[in-house]
Amino acid sequence: MAAVSPPVFRFAPSPNGHLHLGHAYSSLLNQEMARQSGGRFLLRVEDIDLRRCRPEYEAAILADLQWLGVEWEQPVRRQSEHFADYAAALQWLKSKGLVYPSFMSRKEIDAHVQASNGTWPHDPLGTPVYPGSERDMDPEILSLRVAAGDDHALRLDMKKAVTLVGTDLTWYEDKPSGGERITADPSAWGDVILARKDTPTSYHLSVTVDDALQGVTDIVRGMDLYHSTSIQRLLQVLLSLPEPTYRHHRLITAPDGPKLAKSAGSPSLRELRKQGIAPDEIKRQLGL
C-alpha cells in the first residue's frame with residue numbers, strides 16, 4: 001500500500017506592513033492544525049507588489065513569528081523570485097483564448113458605471129465589475145495597442161472560462177462542525193485581472209500556482225478571503241491543478257467591530273511587544 005503524504009498547511013503574509021493579531025491567529029492556527037494532523041507547515045512571502053513590499057517588513061514578519069513561537073520549514077518561498085512560474089500559467093491561459101488586454105482606466109470605469117444609473121453589477125467586495133469593452137474587439141488592434149505601450153491589464157474572459165469549466169464548480173469547506181461542498185460563483189467577480197503592465201501577476205493567479213507547486217493540501221485563512229475561493233477554484237480547474245481543502249476561520253476584530261487591518265492602523269504585534277505583552281498572553285487573547 002502506498003504511503004499517504006502528510007497534509008501541508010501554509011501561512012502567506014505580504015511584507016507591506018507589520019503583522020497584527022489577525023495574522024497571529026492565522027499563523028498559530030495553521031501551525032497547530034499541522035501539528036495535530038502530523039502535517040507540514042510552510043511560510044510563503046507574497047511580495048508581488050514590488051512598490052509596496054519592503055525587505056524591512058519581511059524581516060519584521062519573520063521576527064514577529066519567531067517571537068510568537070511559530071516554526072516553519074525552510075526555505076521560505078518568495079513570490080518575487082518566481083515570476084516565471086506565473087508567466088507560464090498566464091501563457092497557457094492565453095493559448096486557450098481566455099485572456100485579453102483591457103485599457104479602461106478607473107476613471108473611465110467609474111464613468112461607465114455612473115451612466116448605468118445605478119444598475120451596474122458589483123463583485124463580492126463591492127467593486128464595479130469590469131465592462132469588458134475590449135473582450136470582443138479585433139485581437140490585432142488590441143495587440144497593436146499593447147505593442148505601442150498603452151497602459152493595460154490582462155483580464156480573464158470569465159464567461160468563456162466558466163463555459164469551458166461548467167457551472168458545477170465547488171470546493172470543500174472544512175468546519176469544526178463538519179465539512180460541506182460549497183458552490184463556487186466566479187462569475188460574480190466578472191473579468192478579473194490576472195496581470196498588470198507593472199506587476200506581471202495577480203494575487204489570484206500567483207496564490208493558485210504557488211499552492212499547487214508547494215503541494216498545499218489545506219488552505220486555512222480568514223473569512224475575508226471566502227469569496228475569493230471561487231476564482232481560485234476556477235483557475236485550478238483551468239490549469240489542471242489539484243484541489244485543496246479550505247477552511248475559512250473567524251476574523252479577529254477591533255473592539256468597535258471592524259476587522260483588524262494594516263491599512264486601518266490596527267495595533268501591530270511589534271507595538272504589543274513593546275508594551276510588554278508576552279506571546280502566551282497573545283495566544284490567550286486569541287482563544288488559543
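Here is a short conversation about two sheets and one serine in a predicted model.

Student: Which strands stand at the edges of the sheet ordered E1-E2-E3?

Tutor: Happy to start there! This open sheet has 3 strands with parallel pairing. An edge strand has a single partner strand, so one side of it is left without a neighbour in the sheet. That description fits strand E1 (8–11) and strand E3 (77–78).

Student: What is the bridge partner of Val 8 in E2?

Tutor: Let's look at the pair of strands. E1 and strand E2 (residues 40–45) run parallel and are joined over 4 bridges. In E2, the partner of Val 8 is Arg 40.

Student: Which helix lies across E1 and E2?

Tutor: Look for a helix running at about 165° to E1. The helix in question covers residues 21–37, and its name is H1.

Student: Which residue in E5 does Pro 101 stand opposite?

Tutor: Now we move to the other sheet, an open one of 3 strands in the order E4-E5-E8, with antiparallel pairing. Its edge strands are E4 (99–102) and E8 (193–196), each pairing on one side only. E4 pairs with strand E5 (residues 153–156) over 4 bridges in the antiparallel sense. Across from Pro 101, in E5, is Leu 154.

Student: Is Ser 230 buried or exposed?

Tutor: Good one to finish on! Ser 230 sits in helix H8 (residues 228–238). Beyond its neighbours within four places in sequence, Ser 230 is in contact with Leu 169, Trp 171, Ala 184, Asp 185 and Pro 186. Its relative accessible area is 5%, and the cut-off is under 20%, so Ser 230 counts as buried.

Key: Residues numbered from 1 in each chain as written. Predicted model: local features only at pLDDT ≥ 70, side-chain atom pairs only at ≥ 80, totals over all residues. Heavy atoms only, no water. Helix = DSSP H or I, 4+ residues; strand = E, 2+ residues; numbered from the N terminus. Buried < 20%, exposed > 50% of the residue type's maximum accessible area, 1.4 Å probe, protein only. Contact = heavy atoms within 4.5 Å. Pairing = 2+ DSSP bridges. Axes fitted to C-alpha atoms, helices over the stretch in contact; angles between N-to-C directions.
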